[in-house]
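Q: Hi! Could you walk me through this model while I have it open?
A: Happy to, let's look at it together.

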Amino acid sequence: MPNFNSVELMGFMARDSEIKYANGGLAFCNGTIRVKERYGAGDEEINFFNFSYAGDQAEKYFNKLKKGNGLFISGKLRHEKWESKRDGEKKTGVRIIASRIIVLSENGSDRELDHHDDYRD
C-alpha cells in the first residue's frame with residue numbers, strides 16, 4: 001500500500017522565528033504556528049505546531065515570520081526524538097518540514113506579503 005505524508009495549516013505565528021545554520025552553511029528557519037479550531041457554538045481549541053524551513057529562502061522568511069503574522073504552510077510531518085537539556089528526560093514530538101510558506105499578513109493585516117514554493121524532498 002502506498003504511503004502519503006502531507007500537511008497544510010493556516011494560522012498565526014506564536015512567537016518570532018529563529019534561524020540556525022548547519023555546518024555546511026545551510027540556513028534553517030524554525031517557528032511555531034498557532035491554529036485555532038472552532039467546534040459548534042463557541043467551542044474552540046488552540047493547537048501549536050513547530051515547523052522548519054531549510055534552504056535559500058530561510059533567511060528571508062526569518063525576517064518576515066514574526067509573532068502575530070498570519071501564514072499558510074504546507075509540507076510533511078516528521079517524528080522527532082530528543083533528550084531534555086533541563087532534566088535529561090526523553091521526549092518525542094512531531095515537526096512540520098515546510099516546503100511551501102505564504103506569509104498572509106503582518107500584525108493581523110489581510111494583505112498577502114510573500115509566497116514561495118519549494119517542492120523538494
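**Salt bridges, core and pocket**

Q: Let's begin with charges. Which residue does Glu-18 meet in a salt bridge?
A: Glu-18 pairs with Arg-15 through their side chains, with an N to O distance of 3.7 Å. Keep in mind that this is a predicted model.

Q: Are those two buried or exposed?
A: Neither extreme: Glu-18 is partly exposed, with 37% relative accessible area, and Arg-15 is partly exposed too, at 31%.

Q: How many salt bridges are there by this rule?
A: The count is 4. One of the pairs is Lys-36 with Glu-44, whose closest N and O atoms are 3.9 Å apart. Those residues also belong to a network of salt bridges that takes in Arg-38.

Q: And how accessible are Lys-36 and Glu-44?
A: Lys-36 has a relative accessible area of 38%, so it is partly exposed. Glu-44 is partly exposed as well, at 43%.

Q: What about Glu-80, which residue does it bridge to?
A: Glu-80 forms a salt bridge with Arg-95, and the closest N and O atoms are 3.0 Å apart. This pair links distant parts of the chain, since Glu-80 sits in strand 5 and Arg-95 in strand 6 (residues 90-105), 15 residues apart.

Q: Why does Arg-95 count as buried while Glu-80 counts as partly exposed?
A: The cut-off for buried is under 20% relative accessible area. Arg-95 is at 18%, so it counts as buried, whereas Glu-80 is at 24% and therefore counts as partly exposed.

Q: Good. Where does Lys-76 lie?
A: Lys-76 is in strand 5 (residues 70-83). At 25% relative accessibility it counts as partly exposed. Its C-alpha is 5.6 Å from that of Ile-96, although 20 residues separate the two in sequence.

Q: Switching topic: what is the overall layout of the chain?
A: Along the sequence the pattern reads β-β-β-β-α-β-β-β, with 1 helix and 7 strands. Of its 121 residues, 36% count as buried.

Q: What share of contacts between residues at least 6 apart joins residues at least 24 apart?
A: That share is 53%.

Q: Now the inside. How many residues has the largest nonpolar core?
A: There are 18 residues in the largest nonpolar core, and Phe-51, Leu-65, Leu-71, Ile-73 and Ile-101 have the most contacts inside it. At least two residues each come from strand 1 (7-13), strand 3 (27-39), strand 4 (43-54), helix 1 (58-64), strand 5 and strand 6. In soluble globular proteins, nonpolar side chains tend to be buried together.

Q: Take Leu-71. Which residues is it in contact with, leaving aside its neighbours within four places in sequence?
A: Its contacts include Leu-9, Phe-12, Ile-33, Phe-51, Leu-65, Ile-101 and Val-103.

Q: Any pocket to look at? What volume has the largest one?
A: The largest pocket has a volume of about 410 Å³. Of its 13 lining residues, Lys-20, Asn-50, Glu-80, Trp-82 and Arg-95 are the closest to the centre. So the bridge we met before, Glu-80 with Arg-95, comes up again here.

Q: Which elements give two or more residues to the lining?
A: Those are strand 2 (18-21), strand 5 and strand 6. Strand 6 provides the largest share, 4 residues.

Q: And how does the lining divide into nonpolar, polar and charged residues?
A: It has 7 charged, 4 polar and 2 nonpolar residues.

Notes. Residues numbered from 1 in each chain as written. Predicted model: local features only at pLDDT ≥ 70, side-chain atom pairs only at ≥ 80, totals over all residues. Heavy atoms only, no water. Buried < 20%, exposed > 50% of the residue type's maximum accessible area, 1.4 Å probe, protein only. Core = buried A, V, L, I, M, F, W, Y, C linked by side-chain atoms within 4.5 Å. Contact = heavy atoms within 4.5 Å. 1 Å grid on protein atoms, 1.4 Å probe; cavity = no way out; pocket = protein on both sides within 12 Å on 5 of 7 lines; lining within 4 Å. Points joined across faces, edges and corners; volume = space filled by probe spheres on them. Nonpolar A, V, L, I, M, F, W, Y, C, P; charged D, E, K, R; others polar.
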